[in-house]
Each structure stands twice: as structure tokens, then as C-alpha cells.
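Colleague: Got a minute to go through this model with me? I'd like to start inside and work outwards.
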Amino acid sequence: MSALANHAFAKMNGIGNEIVVVDLRDSKSAVTSADARAVASPAGIAYDQLMVLQPPRLAGTEAFIRIYNNDGSEAGACGNGMRCVLRRLFEQTGQTAASFETRAGLLNCWQGPAPDLYTVDMGPPKFGWQDIPLAEEFRDTRYIELQVGPIDAPLLHSPSAVNMGNPHAIFWVDDINAYDLARFGPLLENHPIFPERANITLAHIVDRDHITIRTWERGAGLTKACGSAACAAAVAAARLKRANRVVQVQLPGGDLSIEWREGDDHVLMTGTATFEYEGRFDPSLFAA
């Protein structure tokens, strides 16, 4: 039987990014991709990311967190999910800072400038084509050769590429709502240029301090918010010298404050986390 059967969970969201948090730090059992898919089945819980806290592997960290998309695939990072984890931990322990290990590396987190705000240090971005990764060499990933539509009149073209814990491609547009992202998002996510698939974002630079985005998330689909995409868009805009290193990013579910810190190249994301309800997983979800 699955480690999740009859186990407690918290349903939360990070500005509309639907999150399920499960604390397995007192268990040696592992969660599988099949378990994650079962949770997201029609009989289960609709979510974008499942955050599974496992016993810490590194001294000084609270947990090793495995992050599952609703298709059962694993993500390297989930900024919105991390804020949900932080809220749960801080409310239970009274802490105001914590460190976690994920597949993307060590994440340091702390209470934000207000009681309902939480900050996650997402680490430094990666721009090398092999680090994103891309299937072929691009010396300059501020723009890569990729387009949607006819060669002589592409609908979208020349996205910026960056790894922000996950691979991201950011298409610069005048109106993020003028495109059918649900239609071409899956095609671009699985384009051969992205050997590990990619998050696909439409971004509009309102001014040097404000960016609006919509994202098709790798393994999750069209979501109301993607924290790593907000970070990737902010960094890519600053790289193009079209935005400042501290910006507000507006997503369909709400706003995030993003700072690409000059001192150490780390990207800081600050936003809210909302608790919805607690429950236990129905064992019948995992009976198969």
C-alpha cells in the first residue's frame, strides 16, 4: 500500500498555484510517481504540485523535499509550493527561517516583510545551453531560435531560455492573453529542443518595474501561477536590460516580488501562501 494511504495532508495554494503538502519526515517510506498520479486522479485532489517532505539528508535542513507535478513527473523547484511549506512549518514551530534541500539544490527561506509574506531564495539562474538544458548549442540564450507559426509570419518567436530550478522558455509579447496557451503550450513543452521538457511562459514588460506573465507548466499544464516562471521572466528581462533587478510580477492568481540580487546572483521570491483545508488520503486511491 502507498505511503500516502490514510496519511494527513494540507491543501493550500500559492497565489492560485494549487499545492498539496504532505509531511513524511517521520517515515522511511517513499512516494512514487504512481502515487502522485493517483492523488491527482478524478477521485482524488486537484493539484498542480505535490510537496512531499522527507527526512533531511543534510545537517541544518528541515527536510528533503520531493516535488511532483500532477502527471507524476518530478520538478526540481516550486517557489509557490515552498511558501506553502513555510507557512505550515512557521505556524507549527514559531520559526521565522528554515532551509530545505530539493533536487534543484539548497533553498534558504524566511518570513517576509509582513506576517502573510514568505521569501524563498531560489538560488542563482543558469544560462548555459547545457545547463538549461537545450538539445543544441546556443551561445546566447537571451534569445533562442524557436517559433510558432509560419516562418515568414511567426505567431511567437525568439524566446529567452533560463534554468530556474526547472527549464523555462519565455516568449515576449504585447498581450499575454491574446494567445491560446492551452493549445500550443503542450507542443512547446515537449519540443525536441528541450530534452527535459520546459515551462512555457508568455511575458509582457509593462515597465522597468512590472511584468505580467502566463505559464504552461511542464507536467502540470496551464496554472494560475508559477513561481519559478516568475523568477525566470524577471531574470530574463533584466538580462535583456528591459527591466530592473527588482520587479513585481503579475500572474493570473496574484503578484510576486522578485529580486535578482547583485551581490551573489541569487533570485529572491516573496509572496503569500493560503491555507485551504486539511484531510487524509483515501486508501482506495492507491488500491490499484
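Colleague: Leaving aside neighbours within four places in sequence, which residues is F100 in contact with?

Modeller: Quick caveat before that: this is a predicted model, so local features need pLDDT of at least 70 and side-chain atom pairs count only at pLDDT 80 or more, while totals for chains, interfaces and linings use all residues. Residues are numbered from 1 along each chain as its sequence is written, and side-chain values use heavy atoms, with hydrogens and water left out. Now F100: its contacts (heavy atoms within 4.5 Å) are T61, E62, A63, I65, M82, V85, L86, L89, G105, L106, L107 and C109.

Colleague: And how many residues are in the largest nonpolar core?

Modeller: There are 58, and F100 and I258 have the most contacts inside it. By nonpolar core I mean a set of buried Ala, Val, Leu, Ile, Met, Phe, Trp, Tyr and Cys residues joined through side-chain atoms within 4.5 Å. Buried is under 20% relative accessible area, exposed is over 50%, and partly exposed is in between, with a 1.4 Å probe and protein chains only.

Colleague: Which helix gives the most to this core?

Modeller: Helix 4, residues 227-239, with 10 residues. Helices (H or I, at least four residues) and strands (E, at least two) are DSSP runs, numbered from the N terminus. Another core, of 21 residues, lies apart from the largest one, and its members include L134, I144, I176 and L202.

Colleague: Switching to strands. Is strand 1 largely enclosed or open?

Modeller: Strand 1 covers residues 8-14, and six of its seven residues are buried, so the rest of the structure largely encloses it.

Colleague: Which strands does strand 1 pair with, and over how many bridges?

Modeller: Pairing takes at least two DSSP bridges between two strands. Strand 1 is joined to strand 19 (residues 274-280) by six bridges, running antiparallel; N13 has T274 as its bridge partner there. Strand 1 also pairs with strand 2 (residues 17-23), again antiparallel, over five bridges, and K11 is partnered with V20.

Colleague: What's in the turn of the hairpin that strand 1 and strand 2 form?

Modeller: Two residues sit between the strands, and I15 in the turn has a positive phi of about 40°.

Colleague: OK, empty space. What's the volume of the largest pocket?

Modeller: About 350 Å³. It has 23 lining residues, and A104, K126, N163, G165 and N166 are the closest to its centre. The search uses a 1 Å grid over the protein atoms alone: a cavity is a set of points where a 1.4 Å probe fits but cannot get out, a pocket is an open set with protein on both sides within 12 Å along at least five of seven lines, and lining residues have an atom within 4 Å of a point. Grid points are joined across faces, edges and corners, and a volume is the space filled by probe spheres set on the points.

Colleague: Which strand gives the most to that lining?

Modeller: Strand 7 (105-111), with three residues. By class, the lining has 11 nonpolar, six polar and six charged residues. Nonpolar is Ala, Val, Leu, Ile, Met, Phe, Trp, Tyr, Cys and Pro, charged is Asp, Glu, Lys and Arg, and the others, Gly among them, are polar.

Colleague: Which residues lie nearest the centre of the second largest pocket?

Modeller: V21, V22, D23, R88 and Q92, out of 13 lining residues. The volume of that pocket is about 200 Å³. Helix 2 gives the most to its lining, with four residues.

Colleague: How many cavities of 30 Å³ or more does a search of the whole structure find?

Modeller: One, with a volume of about 80 Å³. Its lining has 15 residues, and Q49, A77, N166, E217 and S228 lie nearest its centre. Four of the lining residues are nonpolar, nine polar and two charged.

Colleague: Last bit: is E145 buried or exposed?

Modeller: Exposed, with a relative accessible area of 72%. E145 lies in the loop between strand 8 (118-121) and strand 9 (147-148).

Colleague: And E259, what does that touch?

Modeller: Not counting residues up to four places away in sequence, E259 touches R245, V246, H266, V267 and L268. E259 lies in strand 17 (residues 254-260) and counts as partly exposed, at 31% relative accessibility.
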